[in-house]
Amino acid sequence: MSAQANEADPGRWSRRLGGGWILLLLIALMVTFSLLRPHAFPSVYNLMTLAVDAAILLVLALGQTFVIITAGIDLSVGSVLVFASVIGARVMLAIGGASGGSFGTTDASWGVVALGTVAAILAGMLWGAVNGVLVAVARIPALIVTLGSMGMALGFAQIVTGGLDVRAVPELLVDHVGTGTIFGIPVLILIAVIVTVLVAVLLHLTRFGSRTFAIGSSAEAARRAGIPVQWQTVQIYTLAGALAGLGGVMALARFSTTTIGGHTADNLTTISAVVLGGTSLFGGVGSIAGTVIGVFIPIVLLNGFVIIGIPPFWQTVTMGAVLVLAVYIDQLKRRARQRS
């Protein structure tokens with residue numbers, strides 16, 4: 001099919017937006033909450049808060065998108081985020097000369113922050129590479145591999161810290177990244193936007209992305225076509241780990257602590273967001289635009305429920321129902337593709 005035909009194919013753009021219905025659901029939710037609380041929900045402050053809440057989750061979900069497109073899954077992203085934030089915080093404390101038991105902020109320089117950030121991302125990449133090798137080379141199911149690394153990454157983080165959060169973070173990181181703004185836009189949002197654009201280009205406009213879709217459609221066919229399936233799979237899980245490491249630094253900047261116990265649901269939340277965004281659990285189908293929309297569904301639900309006074313526990317119930325609906329629709333689309 002020619003490039004012009006691809007651009008003219010409405011189904012192609014529909015798939016990139018998660019099938020369309022999830023975008024309509026997001027718009028419907030925002031309109032409903034705006035009508036119910038016109039002075040609170042659609043305010044600039046609240047919408048900015050929504051975006052900041054979604055920023056870290058979005059960075060995690062971007063990596064999850066690549067993994068699920070290959071028909072894999074990564075249950076370890078939340079624990080890897082925690083491990084990476086612990087390593088980053090420890091490195092910043094060690095190089096900055098502050099005590100590991102100190103509280104509040106330190107006066108570490110940008111150089112220390114940069115080294116801590118690199119250490120956190122490398123720590124995330126390490127876990128991702130381990131996952132990728134075990135999945136692609138040892139041929140252990142991704143569900144089992146990442147379930148195991150989820151427990152190990154969190155366990156190692158607790159061993160390093162003695163089970164206590166690291167609560168001393170460079171003031172520069174907190175003030176300029178965690179709560180800082182550029183032209184009125186929070187830095188965390190800008191980081192998420194930049195990463196999203198880069199990852200979208202990688203997935204949709206490069207050979208790396210084409211190979212990712214090919215593996216998800218049929219690993220055997222991809223192998224026969226000359227694609228190095230094992231190496232590509234290792235790279236994809238390593239990318240997911242790197243993004244989890246970056247998410248760890250963003251969380252460290254936002255909360256001024258490592259929040260060891262605060263990311264137990266990140267794995268399921270990111271999987272839900274990616275599936276809601278139209279990425280098929282069976283592989284071969286997915287988009288970054290859909291993931292962006294899918295990430296905002298749970299964030300908007302939780303924020304809207306709090307504003308209109310509904311107990312936030314209903315957000316979990318509603319998300320579960322929407323997730324089941326999304327998977328059911330995915331199955332219907334898959335059967336339709338097989339029939340055609």
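Let's start inside. How many cavities of 30 Å³ or more does the count come to? One. Keep in mind that this is a predicted model.

That largest cavity holds about 40 Å³ of space. Its lining is W21, V275, L276, G278, A326, I329, D330 and K333. Two elements each give two or more residues to that lining: α13, residues 266–276, and α15, residues 313–339. The largest share comes from α15, with four residues. By class, the cavity lining has five nonpolar residues, one polar and two charged.

Now the open space. How much space lies in the largest pocket? About 780 Å³. The lining of this pocket runs to 29 residues. Nearest its centre are L57, A265, D266, T269 and Q315. Several helices take part. The elements giving two or more residues to the pocket lining are α4 (44–69), α12 (229–255), α13, α14 (288–308) and α15. So what is the mix of classes? The pocket lining has 16 nonpolar residues, 10 polar and three charged.

Please keep α13 and α15 in view for a moment. Both are listed for the cavity lining. Both are listed for the pocket lining too.

Next, salt bridges. The structure holds three. Take R254 and D53. Their closest N and O atoms are 2.8 Å apart. R254 sits in helix α12 and D53 in helix α4, so this pair ties together parts that are 201 residues apart in sequence. Are these two residues buried, exposed or partly exposed? R254 has a relative accessibility of 27%, so it counts as partly exposed. D53 is also at 27%, and therefore partly exposed. Remember that α4 and α12 are also on the list for the pocket lining.

The other two bridges share E220. One goes from E220 to R223, with the closest N and O atoms 2.9 Å apart. Why are they about one helical turn apart? Because E220 and R223 are three residues apart in helix α11, residues 219–224. The other goes from E220 to R224, and there the closest N and O atoms are 3.1 Å apart. E220 and R224 both lie in α11 as well, four residues apart, again about one turn of the helix. Shared partners join E220, R223 and R224 into one network.

How open are the three members of this network? E220 is at 39% relative accessibility, so it counts as partly exposed. R223 is at 36%, so it is partly exposed too. R224 has a relative accessible area of 71%, so it is exposed.

Last stop, the surface. Which residues form the nonpolar patch there? They are L126, V130, L134, I140, L143 and I144. Together they have about 480 Å² of accessible area. Two elements give two or more residues each: α6, residues 110–136, and α7, residues 142–161. The most comes from α6, with three residues.

And I140? Where is that one found? I140 is in the loop between α6 and α7. Its relative accessibility is 32%, so I140 counts as partly exposed.

A quick recap, then. Inside, one cavity of 30 Å³ or more. Open to the outside, a largest pocket of about 780 Å³. Three salt bridges, with one linking α12 to α4. And on the surface, a nonpolar patch to which α6 gives the most.

How values were computed. Residues numbered from 1 in each chain as written. Predicted model: local features only at pLDDT ≥ 70, side-chain atom pairs only at ≥ 80, totals over all residues. Heavy atoms only, no water. Patch = residues over 30% accessible without salt bridge, like charges linked within 9 Å, V, L, I, M, F, W, Y side chains within 5 Å. Areas by Shrake-Rupley, 256 points an atom, 1.4 Å probe, with all protein chains shown as cover. Salt bridge = Lys/Arg side-chain N within 4 Å of Asp/Glu carboxyl O. Buried < 20%, exposed > 50% of the residue type's maximum accessible area, 1.4 Å probe, protein only. 1 Å grid on protein atoms, 1.4 Å probe; cavity = no way out; pocket = protein on both sides within 12 Å on 5 of 7 lines; lining within 4 Å. Points joined across faces, edges and corners; volume = space filled by probe spheres on them. Nonpolar A, V, L, I, M, F, W, Y, C, P; charged D, E, K, R; others polar.
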